[in-house]
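Reader: I've got a new structure on my screen and I'd like to learn how to read it. Could you walk me through a few features?

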Amino acid sequence: MDPGRIFFLTVAFATHAVVGVALARGFTGVDQRTGTGFGIVFGLLPDADFLFPAEWGWPFVHRGITHSLLFALAVVVGVYAIRRTREAALAAALAISSHLFIDSLSLGIQWLFPIRTTWSPGLDVHGVIGTTLWWSVSIGILAWQTDDLSAIRRGFPRDR
Ligand SMILES: [Zn+2]
């Protein structure tokens, strides 16, 4: 694999993880560790299809079954069955949905699997502008929701 492709994939994976973490931590009631872990794992999970052997063929190809609403629903139901909390299921749902949403804007995904549909607006979501936008919004969400700033303020009180 050429260095340009490795760089592109690294940035794309990091972006999916950061957006997943921001949504899981920013908009659910899970603790920070769970939000971070779920954001990374479920934000990246659809791309586990890179690991499928080529001879498996459709739908076990990149942007096949793991990039579908059916797969996302199965994952969220599975998380709920294991964790038994709505917040954990919501964190997984937000993270995996963010991956599918971002991918659907570029080359398209199989939203309606098993019906084959690949329409997309063809946006450069992992280019410089797209990446900057995803990271800025994600860091904004994390900064907005963090408790760390108040902890820092407590450490350095103004009126002492
Ligand atoms: Zn993907």
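Reader: Let's start broad: how many helices and how many strands does the secondary structure of the protein come to?

Author: Keep in mind that this is a predicted model. The count is 6 helices and 0 strands, so the pattern along the sequence reads α-α-α-α-α-α by the DSSP runs used here. As for overall dimensions, the C-alpha atoms fill a box of roughly 70 × 40 × 25 Å along the principal axes.

Reader: What percentage of the 160 residues in the protein do buried residues make up?

Author: That comes to 38%. Buried here means under 20% relative accessible area.

Reader: Now a single helix. What does helix α1 reach from its first C-alpha to its last, and what is expected?

Author: You take the expected span at 1.5 Å a residue and set it beside the model. Helix α1, residues 3–26, has 24 residues and reaches 34 Å, close to the 34 Å expected. Have a look at its start, too: D2 caps the N-terminal end of α1, with a side-chain oxygen 3.1 Å from the backbone nitrogen of G4.

Reader: And aromatic rings? How is a pair of them described?

Author: By two things: the distance of the centres and the angle of the planes. A search of the whole structure turns up 8 aromatic pairs. One of them is W56 with F60, which sit 6.1 Å centre to centre with 85° between the planes, an edge-to-face pair. F52 joins W56 and F60 in one aromatic cluster.

Reader: Is F60 buried or exposed, or something in between?

Author: In between: F60 has a relative accessible area of 36%, so it counts as partly exposed.

Reader: Which residues make the nonpolar surface patch?

Author: L69, L73, W111, L112 and I115 make it, and the patch covers about 470 Å². Take L69 as a sample: this leucine lies in helix α3, residues 69–83, and its 40% relative accessibility is why it counts as partly exposed.

Reader: Last one. Where is S136 found, and what lies 2.7 Å from a polar atom of its side chain?

Author: S136 is found in helix α5, which spans residues 128–145. The backbone oxygen of T132 is the atom lying 2.7 Å from that side-chain polar atom. S136 is partly exposed because its relative accessible area is 44%. You can also set sequence separation beside distance in space: S136 and G43 are 93 residues apart in sequence and 17 Å apart from C-alpha to C-alpha.

Conventions:
Residues are numbered from 1 along each chain as its sequence is written. This is a predicted model: local features need pLDDT of at least 70, side-chain atom pairs count only at pLDDT 80 or more; totals for chains, interfaces and linings use all residues. Side-chain values use heavy atoms; hydrogens and water are left out. Helices (H or I, at least four residues) and strands (E, at least two) are DSSP runs, numbered from the N terminus. Buried means under 20% relative accessible area, exposed over 50%, partly exposed in between (1.4 Å probe, protein chains only). A polar contact is a pair of N or O atoms within 3.5 Å; within protein, one must be able to donate a hydrogen and the other to accept it, and residues adjacent in sequence count only if both atoms are side-chain atoms. Patches are made of residues with over 30% relative accessible area and no salt bridge: like charges are joined within 9 Å, nonpolar side chains (Val, Leu, Ile, Met, Phe, Trp, Tyr) within 5 Å. Accessible areas come from the Shrake-Rupley method with a 1.4 Å probe; for residues, only the protein chains shown count as cover. A salt bridge is a side-chain nitrogen of Lys or Arg within 4 Å of a carboxyl oxygen of Asp or Glu. The expected span of a helix is 1.5 Å times one less than its number of residues. Rings of Phe, Tyr and Trp (its six-membered ring) pair if their centres lie within 6.5 Å; planes under 30 degrees apart count as stacked, over 60 as edge-to-face and the rest as tilted.
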